[in-house]
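Me: Please take a close look at the salt bridges in this structure. I am new to it, so go through them one at a time and say where each partner sits.

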Number of protein chains: 2
Amino acid sequence: MAREVAFTIFDVVGVEDLSTLPRFESHNRETYEAVLETARKIADDYFAPHNRKGDLNEPRLVNGVVELIPEVSEAMDAYREAGFFAAHHDEEDGGLALPWAVAQGASAFFQSANIATAGYPFLTVGAANLIKAHASPEQQAHWLPSMLEGRFFGTMCLSEPHAGSGLADIRTTAIPIPDQPGRYKLRGQKMWISAGDHELSDNIVHLVLARIEGAPAGTKGISIFIVPKRRTDAAGQVGPSNDVRLVSLNHKMGYRGTTNTILAFGEDDSCEGELIGEAGQGLAYMFHMMNEARIGVGLSSACLGLAGYAESLRYAGERPQGRHADERDPTSKPVMIIEHADVRRMLMVQKALCEPALSLCFYAARL
Amino acid sequence: MAREVAFTIFDVVGVEDLSTLPRFESHNRETYEAVLETARKIADDYFAPHNRKGDLNEPRLVNGVVELIPEVSEAMDAYREAGFFAAHHDEEDGGLALPWAVAQGASAFFQSANIATAGYPFLTVGAANLIKAHASPEQQAHWLPSMLEGRFFGTMCLSEPHAGSGLADIRTTAIPIPDQPGRYKLRGQKMWISAGDHELSDNIVHLVLARIEGAPAGTKGISIFIVPKRRTDAAGQVGPSNDVRLVSLNHKMGYRGTTNTILAFGEDDSCEGELIGEAGQGLAYMFHMMNEARIGVGLSSACLGLAGYAESLRYAGERPQGRHADERDPTSKPVMIIEHADVRRMLMVQKALCEPALSLCFYAARL
């Protein structure tokens, strides 16, 4: 896996050429390799070991609180302390100013090791990128530092139970709060919200699609709001609940360790949010995160494929069965199955599908 | 599903033409339709309802006995009473003398409804067909009636833990019992034995690949034996244990309701079996059942695909989301997703993959 990532990042995509650009001038192949090696080590030590345990122990809702296996929290600590939440952000924002392609290379290790646990930072990084791209300087100053430190996590709340991905039909409403420009009371229900609730962070920053009272029907009436799980004061300190209630957890077939939730906003009429950018532009802003997520899910698929390849390769080297086609002596020792031409062919197919997919993701990330 | 089976059986494969052959002269389209309708009804009433429950409640080993959910046994009773164990066998053997293609058409309903529960008769029918084709008249007289009545079930025991499907390396041995020609003491371990243990039948007839003491190495030294779970007397009555011990159950990803077992033969040196046919011909006889099973698994795949198509079709007709591309009014009522061209395309792909696969299986079964 480390070999495939290094080969695609350096030899295929040539990411070290980026160091000629001013933003990356403090970096070179050695610093990139050090970052990737750190990611590999944290992935091996903190993400991979509980991959199966996380799948066997889905998050549970106990007295209104989501219970995860403790290893997820430990993995988040290791990820946080190594600075990966802000890896591609500027140094003045507390980041490592890494090229996005290298940050994605690091992600590849986490996603291969444990796609479910990697889901939490995946969503947080995406939500932070949307805020960085579209929120006001004041909003960025208020929310981003906590997210880039990994103290606050993030989500994207699009779908609603009655409409699925038919966003033109969302009903969640936002009513302006008098005398507080840009602030709204939110009310509505959202479904399929990944990482929508947990106790892994001090707060959860939900990005919520909603319709401002009186907005036109259809997608043109959609705006996007920052709606934290817990309110914050002017200094960013976490305060009381913001009336975002976890209705239930959805069960999943795939990476079950990432909570998938139904959330109710404003059941007590006290859920407040901040409009991002212009009213009616919610869909356009949302696609900033969603397009990133689509490419990210593509990378995840390539990583899962590579993880499967690594397991297949290991097993093929350990499992004895049968003999070479030209071995006529039935009393001879069986060979490892990697010696069989068709097993090699299947291994090559796995590699030939996954490694170019990885290259394509890194190539796109370098653009 | 009933429509797809009838269309492929009658309109594509033209199975009623077979009634011109002497063996099938008592049959016509009406009798075939009655059989298929009976299969559909039993599948709907006794197989489908516990499909999910069976998946959620894997067979468990409790005090040496395999516990299945009770619905499996009820389904077996309904299947047995309708005569499906012997559907394609001659009338003088207690069968319905149905063409194999029609028997496979009936199987399609059971496999679509519940692939796991259908696994038990699937293996029993295959084992009985091997005995019918290769065992002596005395063996047939002794074992077949009980199997065709569905009182005894069957299995095929090929793989061993150390060798997987490398049959040249099997170690299970058969030692001739003095003064009892054709009878052997069996000793060895077999793995991945589907339906290898359960309490669904009075007895389980294992067909076991083994090496007669002194046989040549490799596949030429393999013979096949009838090894019942419980011994029978001359009249076929079930007696004491035949020293076939269930070592453990394997857990599975796919149809979990069919037990998958590790079996130990002859740990107390008292497991007896009967040689089928000639010594050293085990592999050839085994392939009678295995080739049938391969085609049967192909039919199962087509049936699972059709079951998925039926579910997709139902859901697409019930789930509202979005509007037609030419509908400009966002306040208009959402349409069912089957109205969307791309959903229709996907449904057509499902149908276009599964229905011809079904036709191919029935065509092959008619040959």
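Reply: A salt bridge here is a side-chain nitrogen of Lys or Arg within 4 Å of a carboxyl oxygen of Asp or Glu. The model is a predicted one. By that rule, 61 salt bridges are counted over all chains.

Some of them join into a network. In chain A, salt bridges link Arg183(A), Arg231(A), Glu272(A) and Glu274(A).

Other pairs can be taken singly. Also in chain A, Asp17(A) and Arg366(A) form a salt bridge through their side chains, with an N to O distance of 4.0 Å. Asp17(A) belongs to the loop between α1 (2-12) and α2 (29-47), while Arg366(A) belongs to helix α9 (residues 341-366), so this salt bridge ties together parts of chain A that are 349 residues apart in sequence. Asp17(A) is partly exposed, at 46% relative accessibility. Arg366(A) is also partly exposed, at 29% relative accessibility.

In chain B, a salt bridge connects Glu71(B) and Lys53(B), and their closest N and O atoms are 2.8 Å apart. Here both partners are in helices: Glu71(B) is in α4 (residues 70-81) and Lys53(B) in α3 (residues 51-56), so the pair ties together parts of chain B that lie 18 residues apart in sequence. Lys53(B) has a relative accessible area of 37% and counts as partly exposed.

A further pair in chain B is Lys229(B) with Glu199(B), whose closest N and O atoms are 3.5 Å apart. Both of these residues are in loops: Lys229(B) between β7 (222-228) and β8 (230-232), and Glu199(B) between β5 (183-194) and β6 (203-212), so the salt bridge ties together parts of chain B that are 30 residues apart in sequence. Which partner of this pair is buried, and which is partly exposed? Lys229(B) is buried, with a relative accessible area of 11%, because buried means under 20%. Glu199(B), with a relative accessible area of 45%, is partly exposed.

The examples come from two chains, and it helps to know how these are related. A turn of 180° and a shift of 0.1 Å along the axis lay chain B on chain A with an RMSD of 0.0 Å. The two copies are thus related as by a two-fold rotation axis. Among the residues of chain B, Met253(B) comes closest to that axis, with its C-alpha at 6.0 Å. Both copies use the same surface, as 100% of the contact residues of chain B recur in chain A.

Conventions. Residues are numbered from 1 along each chain as its sequence is written. Chains are lettered from A and ligands numbered from 1 in the order in which they are written. This is a predicted model: local features need pLDDT of at least 70, side-chain atom pairs count only at pLDDT 80 or more; totals for chains, interfaces and linings use all residues. Side-chain values use heavy atoms; hydrogens and water are left out. Helices (H or I, at least four residues) and strands (E, at least two) are DSSP runs, numbered from the N terminus. Buried means under 20% relative accessible area, exposed over 50%, partly exposed in between (1.4 Å probe, protein chains only). Copies are superposed by least squares on the C-alpha atoms of residues with pLDDT of at least 70 in both. Contact means heavy atoms within 4.5 Å.
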